[in-house]
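Hello,

Here is the structure for you to look through. My notes follow below it.

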Amino acid sequence: PASRSSSSPPASSPPLRGLCALPNAGDAFVVKNARVWVDDATEYPLRDILVCGESGRISSVAPAGALEGSADGAAAVDAKGALVTPTYADPHLHLDAVLLGKEWPNHSGTLVEGIANWKVAKESLTTDDVLSRARKALKWMVACGTTRVRTHADTSCPTGVEALVSLKETVAKENLARIQIVGFPQDGILTTPANKEGFLWASGLGLDAIGGIPHLERTREEATESLRLVFEAAETHGLMIDIHCDETDDPHSRHIETVCAFAEDRHMAGMVVAGHCTALHSYNGPAANKVITAIGRAGVQIVTNPLDSIVLQGRFDDYPKRRGLTRVPELLQAGYKVGLGHDSVVDPWYPLGVGNLLDAAFMLVHACHLSGQEEMRRVFQMMVSDNHLPFGGAPKIEEGEKAEFLVHSQPDPVDIVRMRRRPWLVIKDGQIIAKNSIPQSNVMGEDIDVGNFS
């Protein structure tokens, strides 16, 4: 390279932590010596954060040491200079299908086989099965720092939809996570009368959003008509919109243009998400520029799912093989908020994953050449800021706000992405709902923290 950064690794990475005694639910506590995240910043001054356990809100955020005497009686949690950020949000997941991958493996690694496997698997789903798998995967995600999840629910499988509606209510009461549900017609809307019926049924259930999958409709005309039905249903029932859009390598798949036009005409900026959009990867320059401009004009958020896309796309290519991710660098350069989803956790499409959104971020850095220091910080920001857009915005680490944040084990967001380490503490509504120990290794009698520079 022409030059190297003169900045050295952080000198004060926190020491190893075990699962030490922590405040009980309802107790006030203060997180001391925390570097509080600020979007687009590169430095994070040390702060103390006082949390009122009874209200679940942040009582005060002050320079480190400034709360001495005013936080008497509050348990102290020492962050030791580590980063504190809003919790992660995952804007694109399929909780109805999680953990089915071993039973229904995708041998070819194609999107086509994944859909075919799911088509058979969903016929035998039971409510208890869906709840058990989804709850387990959700706990994995919470342990990894994600407290907000937008899940798609296949509208051709009422058992799955109703189970996820029940799960949403249960985990909200438990303060485990906040779930949004998208009614998702996996097999299309106009492909069969039954699929349209399932779509219309789900539209009236009181879900959070409704979706479509235009590139799987039989013709372009029916694809456009399916999108019209989606927008009409959203307007009728007061729903947000979340489309699986152009999830293909075909450069002629440009349904994103229709999505943007409908959103712009209906003044739905901020209400519409288009997931995947992998065909944008294959558009020529002028076409890509036109589409990216339209996305901004319409206020549509694009959500990329790099773990699935890097596996499922490019399967019809010889060499060179396309990576199949949408144009994340160009979307970020345009100033857009881009979502980053995990999409699948060991399901009929994708055989891997533990629900750690950092794995998706790590893949995105590699597959989209976002390996510069500022670029990696921007990828991290997607998880703690951009991903919260469908939920009305990220939790604020400010006085009077609900305490929903992560205490990490590193001071640098780039190191968090590099090491893909679960946060030390996960805090939601003023309660510590998850805690992780830092893995420790021993080499030739010496205890080491793998990946830690200090």
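**Strand β1 and its partners**

Start with Arg35, whose bridge partner in β5 is Leu83. Please keep in mind that this is a predicted model. Strand β1 covers residues 29-36, and β5 covers residues 83-86. The two run parallel and share two bridges.

β1 also pairs with β4, residues 75-78. That pairing is parallel too, over four bridges. Look for Phe29, which has Ala75 as its bridge partner in β4.

Strand β2, residues 46-52, pairs with β1 in the antiparallel sense. Five bridges join β1 and β2. Val31 is a good place to find this pairing, as its bridge partner in β2 is Ile49.

**The chain as a whole**

The protein chain holds twelve helices and 18 strands. Its C-alpha trace spans about 65 × 55 × 50 Å along the principal axes. Is the radius of gyration what a compact globule of 454 residues would have, or not? The chain has 22 Å, and a compact globule with 454 residues would have a value near 22 Å, so the two agree.

**The eight-stranded sheet**

Next, turn to the open sheet of eight strands. Its order is β6-β7-β8-β9-β10-β11-β12-β13, and the pairing is parallel. Which strands stand at the edges? They are β6, residues 88-93, and β13, residues 339-340. Each has a single partner strand, so one side of each is left without a neighbour in the sheet.

The partner of β6 is β7, residues 146-154. β6 and β7 run parallel and are joined by four bridges. Tyr88 stands opposite Thr146 in β7.

A helix lies across part of this region. Helix α6, residues 255-265, lies across three strands: β10 (240-245), β11 (272-276) and β12 (301-304). Helix α6 runs at about 165° to β10.

**Cavities**

A probe the size of a water molecule, rolled over the atoms, shows where empty space is left. How many cavities of 30 Å³ or more does a search of the whole structure find? The search finds two.

The largest cavity has a volume of about 110 Å³. Its lining has 14 residues, and the closest to its centre are His94, Leu111, Gln186, Glu247 and Trp349. Helices α1 and α8 (306-312) are the elements that give two or more residues to this lining. By class, the lining of the largest cavity has five nonpolar, five polar and four charged residues.

The second largest cavity has a volume of about 40 Å³. Its lining is made of His408, Ser409, Gln410, Ile416, Arg421, Arg422 and Pro423. Two of these residues count as nonpolar, three as polar and two as charged.

**A pocket**

The second largest pocket holds about 340 Å³ of space. It is lined by 16 residues, of which Leu111, Val112, Glu247, Thr248 and Phe316 are the closest to its centre. Which helix gives the largest share of this lining? Helix α1, residues 111-121, does, with five residues. The lining of this pocket divides into seven nonpolar, five polar and four charged residues.

Leu111 and Glu247 deserve a second look. Both are among the residues closest to the centre of the second largest pocket. Both are also among those closest to the centre of the largest cavity.

**Two backbone points**

Two spots in loops are worth checking on screen. The peptide bond from Tyr319 to Pro320 is cis, with omega near 0°. Pro320 is in the loop between α8 and α9 (328-333).

The other spot is Asn175. Asn175 is not a glycine, yet it has a positive phi of about 65°. You will find Asn175 in the loop between α3 (158-174) and β8 (178-184).

Best wishes

Notes. Residues are numbered from 1 along each chain as its sequence is written. This is a predicted model: local features need pLDDT of at least 70, side-chain atom pairs count only at pLDDT 80 or more; totals for chains, interfaces and linings use all residues. Side-chain values use heavy atoms; hydrogens and water are left out. Two strands pair if DSSP finds at least two bridges between them. Contact means heavy atoms within 4.5 Å. Axes are lines fitted to C-alpha atoms, for helices over the stretch in contact, and angles run from 0 to 180 degrees between N-to-C directions. On a 1 Å grid over the protein atoms alone, a cavity is a set of points where a 1.4 Å probe fits but cannot get out, and a pocket is an open set with protein on both sides within 12 Å along at least five of seven lines; lining residues have an atom within 4 Å of a point. Grid points are joined across faces, edges and corners, and a volume is the space filled by probe spheres set on the points. Ala, Val, Leu, Ile, Met, Phe, Trp, Tyr, Cys and Pro count as nonpolar, Asp, Glu, Lys and Arg as charged, and the others, Gly among them, as polar. The radius of gyration is taken over C-alpha atoms; the globule rule is 2.2 Å times the number of residues to the power 0.38.
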